[in-house]
Amino acid sequence: MTSETITADAAGTWTLGDLTVNRIGFGAMRLTGSAAFHLGTPSDRKRSIAVLHKAMELGVNHIDTAAFYFSSLRSANEIINSALSPYPDDLVIVTKVGPFRNYSGEWATSARPDDLRGHVEENLRQLGRDHLDVVNLRRMGQDSIAEHFGALAELREEGLIRHLGVSDVEPRHLAEAQAIAPVVCVQNRFGLDSRNPGTDELLRICGEQGIAFVPFFAIAGNAGAEGATTAHDEAVLAVAWAHNATPAQVRLAWTLAQGPHVLAISGTGNPDHLAENIAAGALRLTEDEVDTLNALHQKED
């Protein structure tokens, strides 16, 4: 594949409420360092800004970020604001709230419902906006999300938030949220080697209901926040060889092949990797290849 000439519209579009985005977006987690949060070394700020400019040049109009995406020197939201403000009219910025890191970067007590206004306002301040396009409530293990989601629904009524989503949930949590306010996206960990029957069920439910399903760690796999996995099954390597593609591109293409409602928010601090990720939107797997990779996804460890 020739990555440099492929733009983010190659995978088609989807609508988050009334906001149309290309299915290939960009995740901001890796803008801040060599690995997420405090796990790596801080990024070069100029390079991170260059990555965002390149993303815009390649047609990205959907960025996923959060106020808790920061390293010892870098803040993803601050970099986005510096690089892209004033923002393009068609750019959709999706944030998430719930988890909390203190100023030293340590994970602290997750938000109570009455804390969520502060989380939303912090994202607004860092991004330099007067409203947030989409806010995902990240569930932090609680049995019910009704009270937290209800607090965000009130902020939506006030105009601080345009649309709502949920993250790291089970099907029952999605139903719980929908009883309170519309849900435009579900963001769960999902990938070739992420085997969770509840998430697979959510993928199906979202497809039936026209809700965007937005996987995270689709490339990273079991490596998670540490970065992209280097452990690729022989089936992945064979498909990559057949298409003159990278294993990461195959992982993204398989993810997108799960349905037109599936979006990709792979992130990187490397401009070349960015171009490769976006080019995965043009990779069309055969039915046999999708079936082979589906079987790999379902295989028990």
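The chat below goes through helix packing, strands and aromatic pairs in a predicted model.

Biologist: What ground rules apply to this model?
Modeller: It is predicted: local features need pLDDT of at least 70, side-chain atom pairs count only at pLDDT 80 or more, and totals for chains, interfaces and linings use all residues. Residues are numbered from 1 along each chain as its sequence is written, and side-chain values use heavy atoms, with hydrogens and water left out.

Biologist: Sheet first. What is the strand order in the open sheet?
Modeller: S3-S4-S5-S6-S7-S8-S9, seven strands with parallel pairing. Strands are DSSP runs of E with at least two residues, helices are runs of H or I with at least four, and both are numbered from the N terminus. Two strands pair if DSSP finds at least two bridges between them.

Biologist: Which strands are at the edges?
Modeller: Strand S3 (26–27) and strand S9 (212–213). Each pairs on one side only.

Biologist: And how many bridges join S6 to S7?
Modeller: Six, between S6 (residues 132–138) and S7 (residues 161–167), which run parallel. Arg-138 has Ser-167 in S7 as its bridge partner.

Biologist: S1 and S2: parallel or antiparallel?
Modeller: Antiparallel, over four bridges, with S1 at residues 13–16 and S2 at residues 19–22. Thr-15 stands opposite Thr-20 in S2.

Biologist: What do S1 and S2 form?
Modeller: A hairpin, with two residues between the strands. Gly-17 in the turn has a positive phi of about 70 degrees.

Biologist: Helices now. At what angle do H1 and H2 pack?
Modeller: About 60 degrees, with the axes 9 Å apart; H1 is residues 45–57 and H2 is residues 76–84. That makes H1 oblique to H2. Axes are lines fitted to C-alpha atoms, for helices over the stretch in contact, and angles run from 0 to 180 degrees between N-to-C directions. Under 35 degrees counts as roughly parallel, over 145 as roughly antiparallel, 65 to 115 as roughly perpendicular, and the rest as oblique.

Biologist: Which residues of H1 and H2 make the contact?
Modeller: From H1, Arg-45, Ser-48, Ile-49, Leu-52, His-53 and Met-56. From H2, Glu-78, Ile-79, Ile-80, Ser-82, Ala-83 and Leu-84. Contact means heavy atoms within 4.5 Å.

Biologist: How does H1 sit against H9?
Modeller: The axes of H1 and H9 (residues 271–279) come within 9 Å and cross at roughly 25 degrees. H1 and H9 are therefore roughly parallel to each other. Arg-47, Val-51, Lys-54 and Ala-55 of H1 touch Pro-271, Leu-274 and Ala-275 of H9.

Biologist: What about H5 and H6, at what angle do they pack?
Modeller: About 40 degrees, axes 9 Å apart, with H5 at residues 171–178. That makes H5 oblique to H6. Pro-171, Leu-174 and Gln-178 of H5 meet Gly-198, Glu-201, Leu-202, Ile-205 and Gln-209 of H6.

Biologist: While we're in H6, what does Asp-200 touch?
Modeller: Phe-190, His-297 and Gln-298, not counting residues up to four places away in sequence. The C-alpha atoms of Asp-200 and Asn-188 are separated by 9.9 Å.

Biologist: How many aromatic pairs are there?
Modeller: Six. In Phe-190 and Trp-254, the ring centres are 5.5 Å apart and the planes at 10 degrees, so the pair is stacked. Rings of Phe, Tyr and Trp (its six-membered ring) pair if their centres lie within 6.5 Å; planes under 30 degrees apart count as stacked, over 60 as edge-to-face and the rest as tilted.

Biologist: Where do Phe-190 and Trp-254 lie?
Modeller: Phe-190 lies in the loop between strand S8 (185–187) and helix H6 (197–209), and Trp-254 in helix H8 (residues 247–256), so the pair ties together parts that are 64 residues apart in sequence.
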